[in-house]
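The following exercises concern a predicted model. Please work through each task before reading its solution.

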Amino acid sequence: MNKINYDKKMQNAMKKIPVGTKLLLHVCCAPCLTYCLTRLVEHFDVTLYYANDNIDTKDEWQKRLDEVARLVDVVNNGKYEVVPSCPVKLVVKDYNGEHFAMWARHFADQPEGEYRCTRCFAMRLGDTHEYARKNAFDYFATTLTVSQYKNSEMLNLVGYEIEKEGGAKWLPTDFKKNYGYDQSIVLSNKYELYRQHYCGCKFSKVGEEIEK
Ligand code: SF4
């Protein structure tokens, strides 16, 4: 069976979506955000939603958030690769890592990419969709599909499932297409962004020595 090309789906969807449409973009970290911004901010009125209760400590959560905020400033000051159609906004969901840590420990031995991650995606996209619904956003999406360590198919399936609850529609993406991940590394280096060495939960630290 042919795999669905979610990047193509995004491009086709955008042809029918008017410029200036409100998009709530879940953001996991600044490095992943770099490339996604180049694909979205000229078309959408983008608000970033930083909702990442999966991150193991408040310090690490804050460090990633500070870098997102720094990148937003660069973009809004006209010093980025693309000029946004509207200033990019940033909304932060308060950190509450306890609930995630409680249930995720039952799946501590799983490698990255299995059930624990699917639940983690559902939690973060669910938080994003809820905020989008309450605040009249037209679409919601996530930066997570840019990572070569994240299953874009699964992320899109989770997004479509959450969309059924009503409210904001899911914008399908696969930002890792067109060398998106490689470009995110180039941009992260260019803007001297902090690149973490693990995905987020403490279980993803095991054996991790590469930057993500
Ligand atoms: S490895 Fe990453 S995606 Fe998977 S559960 Fe941990 S924080 Fe979430």
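Two residues are taken to be in contact if their C-beta atoms, placed from the backbone, lie within 7 Å.

**Exercise 1.** Identify the residues that L48 touches, leaving aside those up to four places away in sequence.

*Solution.* Applying the contact cut-off with that exclusion, one finds L25, V27, V68, V72, V88, K89, L90 and V91 around L48. Next, place L48 in its setting: the largest nonpolar core has 49 residues, and L48 is among those that touch the most other members, together with L23, L24, L25, L33, C36 and V68. The greatest contribution to this core comes from helix α2 (residues 30-40), which supplies seven residues. Finally, a second core, separate from this one, has six residues, including F100, A104, C199 and C201.

**Exercise 2.** Determine why the end-to-end distance of helix α5 agrees with its number of residues, and describe the surroundings of the helix.

*Solution.* Helix α5 covers residues 115-134, that is, 20 residues; at 1.5 Å a residue the expected span is 28 Å, and the end C-alpha atoms lie 28 Å apart, so the two agree. Within α5, the buried residues are R116, C117, C120, F121, R124, L125, T128, H129, Y131 and A132. Their cover includes strands β1 (21-26), β2 (44-50), β3 (89-92) and β4 (139-142), as well as helices α4 (97-104) and α6 (152-163). After α5 comes A136, with a positive phi near 55°.

**Exercise 3.** List the residues around the ligand and classify them.

*Solution.* The ligand is surrounded by N54, E112, R116, C117, C120, C199, G200, C201, F203 and S204. By class, this shell comprises five nonpolar, three polar and two charged residues. R116, C117 and C120 of the shell also appear among the buried residues of α5.

Note on methods
Residues numbered from 1 in each chain as written. Predicted model: local features only at pLDDT ≥ 70, side-chain atom pairs only at ≥ 80, totals over all residues. Near = placed C-beta within 6 Å. Nonpolar A, V, L, I, M, F, W, Y, C, P; charged D, E, K, R; others polar. Helix = DSSP H or I, 4+ residues; strand = E, 2+ residues; numbered from the N terminus. Expected span 1.5 Å × (residues − 1). Buried ≥ 20, exposed ≤ 12 C-beta atoms within 10 Å, placed from the backbone. Core = buried A, V, L, I, M, F, W, Y, C linked by C-beta atoms within 7 Å.
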